[in-house]
Amino acid sequence: MRYNLFQLSFLTMCVLMYQTMWSQQAGSPNIINFSKSDFQGGSQTMEIQQLPNGYICAANNHGLLIFDGTSWQCFRQPNQTIMRSIEVVGERIYCGGQNELGYFTFETGKAKYNSLLHLLPPSLSNIGDVWQIQTVNDKLIFRTSEQIFSIENEKLTLLAENGEFKSSFFFAQSFFFQKDNDVFSLEDGKAFISLEADAIVKGCIVSNADTVIVTEKSGLLNLSKNNAAAAFSGSLHTLLLDAGVNAFYAIDQGYAFCTARGGVILSDQNLVVTGAYTIEEGMQRNDVLCLFSDDHGDLWAGTSNGIDFITQSSPFRYIHPDGRLLGAGYATALFNGRMYFGTNNGVYETYYNHLANQDFQLLNGTVGQVWGLKNIADLLWVAHHEGLFYYNGTTLKNVSGLSGVWDVQEIPGHVDHLLVGHYNGISLIALENGEWRLKKSFDQPAQSARIFARENNNTWWISHPYVGSWRFSINTSNWEMESIKFYGEDEGFPSNLHIHVANIADEMVFTAENGLFAYDSKSDRIVELPDFNNLFTGNQRFLRLYDSPNNDVWFITEKEAGIIAIEESALVKSANKHTITPLKSKLVGGFELIAFVNNESVIVGAEDGFIHVNYPQLEKVYLEGPKISIRRVEVIHKSDSTIFDALANNDSSFTVSYDQRSLRFGFTNTSFHIAKDIDYQFKLEKFDVDWVNWDNSFSKEYTNLRAGDYTFNVRAVSADGTELSRSSIPFTVLPPWYMTTTAIVGGVLLFIFLITLFVWAPKRKYEREKLAIVTMKEKEFDEHKAQSDYVIDKLKNEKLEVEIGHKNKELASATMHLVQKGQILQSIRDSLQEFDPSSGDKAKKELRRLVKLINDDIKLDNNWDQFELHFDQVHVDFLKRLRAAYPKLTPNDHKLCAYLRMNLSTKEIATILNISVRGVEISRYRLRKKLDLDTNDNLTEFITNL
C-alpha cells in the first residue's frame with residue numbers, strides 16, 4: 001500500500017500524538033480527600049498556597065489551615081472571621097477576612113497574628129471582605145468589594161475606589177482589575193475591555209498568539225485587535241460555559257479550570273481539553289473554588305466541602321475499565337489503535353484519548369474471567385475462562401473445543417498456527433478456510449500450562465508453580481511434539497515449587513525459591529545466577545520477571561517489586577536494583593501482570609483495575625528522592641511542650657533541660673504524592689545502635705535520655721533498605737542542676753562549708769581548747785619551770801656561792817700566802833739582822849731554816865697562776881679584760897688591780913707586795929696615769945666597775 005506525503009504526515013502526527021497523550025494522560029491520578037473533619041475547619045476553602053518549607057496553607061471559613069504532610073493546624077484571626085484570601089511572602093502569611101487583614105508569623109509552637117488595620121485611614125474603617133491579595137513588583141495589593149489599595153513598608157496607598165470591584169488578575173506582567181463592567185490596567189488606569197452586564201473576568205490566556213479571556217459564566221472569549229470580545233470556538237468553551245468558572249491556573253503543559261459544576265477541567269496550551277477530575281475520578285465535590293500547583297506539580301483543589309490532593313506529578317495513574325466494579329486487572333493489549341483491558345469481569349475497550357476520562361465499553365461476549373490478551377495475526381486474542389476468542393475489530397468469535405485458556409503463543413514463520421496453553425496442557429490451533437480451529441492437543445505435559453516462554457523458533461518452556469518446568473520442541477513439518485523434558489529439583493532447582501519461566505535477553509531465566517536461575521544448554525542443567533541474586537537481601541522467593549524494551553528487567557518477589565537496571569560498558573556489565581514500593585501491595589497475587597506499551601508506558605495489573613506507570617516520570621520521582629524534614633519536637637507529657645517547630649523557622653538545633661529529656665520527634669514528607677509509599681527509619685546517635693524501622697506514626701519517642709549531645713536522624717528508604725534521603729537535627733540534653741558547673745562549684749563550696757562546719761569548726765574548737773590546755777599547761781609548766789628555775793638558780797647560786805666561797809677560800813689562801821710571804825720576808829729580814837755568822841753550827845742551822853723559808857715562799861709564788869685563774873672565774877675574766885683593754889700594764893699593775901678589785905687596803909697590798917705603804921701609793925699613782933684617770937676619778941671604783 002502506497003501513501004502520499006499528506007497521509008504519511010498525518011499518520012506520523014497521530015502516532016506522536018498517541019504516544020504523547022498515552023504517556024501523559026493514560027488513567028487518572030490518585031486523589032486523596034481531606035474532609036472538614038480531617039482539618040477541623042470550615043466548609044469553603046477559597047485559596048491555597050505553599051510555604052517555603054513545603055507546607056501547604058489555605059484560606060478557609062474557619063481561618064488559616066496549614067498542612068505539614070502529616071497533620072493539619074487551624075489558626076484564626078482575632079475576630080474569628082471567614083478567611084477569604086492569603087498571600088505567602090517569605091516567612092509571613094498575609095490573610096484577608098471580613099473587615100480584617102494582617103499577617104501570621106510563627107514562633108516555637110505558637111502563631112502570632114499582626115493586624116494591619118491600624119494602617120487604614122478613617123475613611124476605610126469598614127472594608128468588608130478582602131477577596132484577593134497579590135504581590136506585584138514587591139508590593140502587596142489588596143482587593144475588597146469597594147477598594148483596591150497597596151501596602152509597602154507599612155504605608156497604605158489607595159489605588160482605586162468608588163465602584164464595584166469584581167475581580168483582579170495579573171497578566172502580561174501587569175495588574176488588571178474589573179470595576180463594574182470594565183477591565184482596567186493599574187499602570188495607566190485605562191479601560192482594557194468593556195463587557196456585558198454581570199460578566200466577571202477571571203483572567204487572560206495567550207493561546208496561538210491570541211488573547212483569550214476567561215470569564216465566570218460566559219466561558220472563553222477571544223479578544224480581537226480592537227479589544228472586541230467574541231465567543232471562543234472549541235469544546236473547552238462549551239464545557240466551561242456549562243460548568244461555570246471559579247478560577248483557573250497555569251500548570252505544567254497547560255491549564256486547569258476550577259468550575260462550579262464540572263470539577264477540574266484540564267487543557268493543553270492550545271486550550272484543547274485533555275481531561276477532567278470530578279466525583280467519578282475521586283473528587284469530593286464538583287464545585288471547585290480554587291486550585292494550586294505545588295513544588296512537585298501536584299494539584300490541591302479547594303472545594304465547598306473539603307480539600308482534594310491530586311497526585312498529578314505521580315508516575316502512577318489508575319485505570320478502572322469496569323467502573324465501580326473495580327475488577328482485578330489480568331491482561332492488556334493494544335489493537336487497532338485501541339486499548340483493551342482484561343479483568344475478572346470481562347474485556348473493556350477504549351480509544352487512547354479517552355483513557356483520562358475513563359470512557360470504556362465492554363466487549364460483548366467476554367463477560368467473565370479473562371486471563372490473557374494478545375495481538376497476533378491482526379487479531380485480538382482473548383484467553384478466557386470460557387475458552388479462546390478472537391476479535392477482528394467488529395466480530396468476536398470462539399475457537400471451539402477449548403475451555404479454560406491461559407495463553408496464546410506465536411510460532412515464528414507460521415502465522416496460520418498458534419500454540420495454546422490451557423487448564424489441561426498444550427494444544428495447537430490452525431487457520432482453516434478463514435476460521436481458527438483446534439488442530440490437536442498434546443498428551444504431555446498433562447498439567448496446566450499457564451506460563452509460557454519461547455526459547456527459539458520451535459522450542460518452548462512452560463512452568464507450573466507447584467510441579468516444575470518442561471522444555472519441549474514442535475516439529476513444524478508434521479506438527480508433532482518432537483521432544484519434551486521435565487526439569488525439577490534433580491536438574492538444579494532448589495525445589496519443584498514456585499517456578500516461573502521468562503525469556504530475558506534471549507536467555508531462559510527462572511524464578512524459584514531462594515533466587516534466580518538460568519538454563520545452561522551445555523550441561524543441560526539449571527544453574528544459579530549469583531550476580532542477580534546478590535542484589536537482594538536474604539533468601540527472597542521470586543515470583544515473576546519481565547523483559548522491558550528499555551533493556552531493564554522488572555521483577556516481583558514476595559517482599560518487593562521493582563526494576564533491575566542493566567548498565568553495560570565496554571568492559572563490564574553491571575546490574576542495579578530499584579524498588580518501586582507502591583506497586584507491591586496492589587498486585588494480583590499469583591497472577592501478576594506487567595505489560596510494556598512502549599518505552600515510556602507500562603501497564604501493571606492491580607487488584608482493583610490497572611496502574612499506568614510513566615517510566616520517565618518514575619525515574620525522575622525516585623531519583624529526586626522524597627523531601628523529608630523534622631517538623632516538630634515535643635516534650636512528652638507536658639502541656640505547651642513544643643520546643644522545636646519547623647513553622648517558626650527555628651535554628652537547626654535546640655537544647656533541653658534535664659527534666660525535659662523525654663522527647664517526641666515528628667517528621668514529615670512534603671513529597672506528598674509518595675509520602676505513604678515509602679518506608680522510614682530512625683536513629684538517635686549515641687543512643688540507637690542501628691536504624692529503627694518506621695511504625696507508621698510519623699513520629700518517634702525517646703524517654704529518660706541521659707545528659708549529652710545527640711543527633712536525631714530520619715531517613716526514607718526503599719524496601720531493600722537503600723537510603724533515598726535523610727533529615728537530621730542535633731540537640732543537647734543539659735545535665736541535671738546538681739551536675740551543672742554552677743551546682744558543682746556550689747557543691748564544692750557547700751562541701752567546704754560543711755567540712756568547715758562539721759570538721760574544721762570542731763577541729764578549730766578542739767585546737768582552741770587544746771591551745772587553752774597547752775597554754776594552761778605551758779603556764780603551769782612555766783610556773784613549774786620558773787619555780788624549777790628558781791630552785792635551779794637557787795641551787796646554782798648556792799653552788800656558785802659554794803664555788804665562789806671555795807674560790808674565795810683559795811683567793812683568801814693565796815692572799816694569806818701573800819700576807820705570809822710578807823711576814824716571812826720580814827722574818828727573814830729580821831733574822832738576817834740578828835744573824836751571827838760566827839756562831840758556827842747555830843749559824844748554819846739558822847741559814848738552813850732561812851733557806852727552807854725561802855723555798856716555801858717560792859713554792860707559794862708558783863701559785864700566782866692558780867690565783868689568777870681563780871680570780872678570773874670569780875670576777876668574770878677581769879684580768880683578761882684588763883689586759884685586752886690596757887695592754888701596756890705590767891704584771892705588777894695587774895696584781896695591784898686585782899688587789900684593788902678585792903678591795904684590799906693599802907697596808908694589805910703593801911704587805912702582799914712586800915713594799916712600803918708609800919710604794920703602794922706610788923704604784924697607785926702610776927696606775928692611774930696608765931688608766932688615763934682624772935684626779936677626780938676614784939681608782940678603786942673604776943677598777944670595781946671595769
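This is a short tour of a predicted model, going from the whole chain to one strand pair and then to two pockets.

Begin with the entire protein chain in view, coloured by secondary structure: it holds 14 helices and 66 strands, and of its 946 residues 47% count as buried. Among contacts between residues at least 6 apart in sequence, 48% join residues at least 24 apart.

Next, select residues 370-376, which form strand β35; five of these seven residues are buried, so the strand is largely enclosed by the rest of the structure. Extend the selection to strand β36, residues 379-384, which runs antiparallel to β35 and is joined to it by six bridges. One of the pairs to display is Ile-376 with its bridge partner Leu-379 in β36. Two residues lie between the strands of this hairpin, and Ala-377 takes a positive phi near 55° there.

Keep β35 shown and turn to the largest pocket, which has a volume of about 1400 Å³. Select Lys-374, Asp-407, Gln-409, Tyr-546 and Ile-594, which, of the 42 lining residues, lie nearest its centre. The elements that give two or more residues to this lining include β35, β36, β39 (405-410) and β51 (542-547), and β35 gives the most, with six residues. By type, the lining divides into 28 nonpolar, five polar and nine charged residues.

Finally, move to the second largest pocket, where about 1200 Å³ of space lies. Select Gln-132, Ser-168, Lys-202, Ala-247 and Tyr-249, the closest to its centre of the 40 residues that line it. The residues of this second lining divide into 21 nonpolar, 10 polar and nine charged.

How values were computed. Residues numbered from 1 in each chain as written. Predicted model: local features only at pLDDT ≥ 70, side-chain atom pairs only at ≥ 80, totals over all residues. Heavy atoms only, no water. Buried < 20%, exposed > 50% of the residue type's maximum accessible area, 1.4 Å probe, protein only. Helix = DSSP H or I, 4+ residues; strand = E, 2+ residues; numbered from the N terminus. Pairing = 2+ DSSP bridges. Contact = heavy atoms within 4.5 Å. 1 Å grid on protein atoms, 1.4 Å probe; cavity = no way out; pocket = protein on both sides within 12 Å on 5 of 7 lines; lining within 4 Å. Points joined across faces, edges and corners; volume = space filled by probe spheres on them. Nonpolar A, V, L, I, M, F, W, Y, C, P; charged D, E, K, R; others polar.
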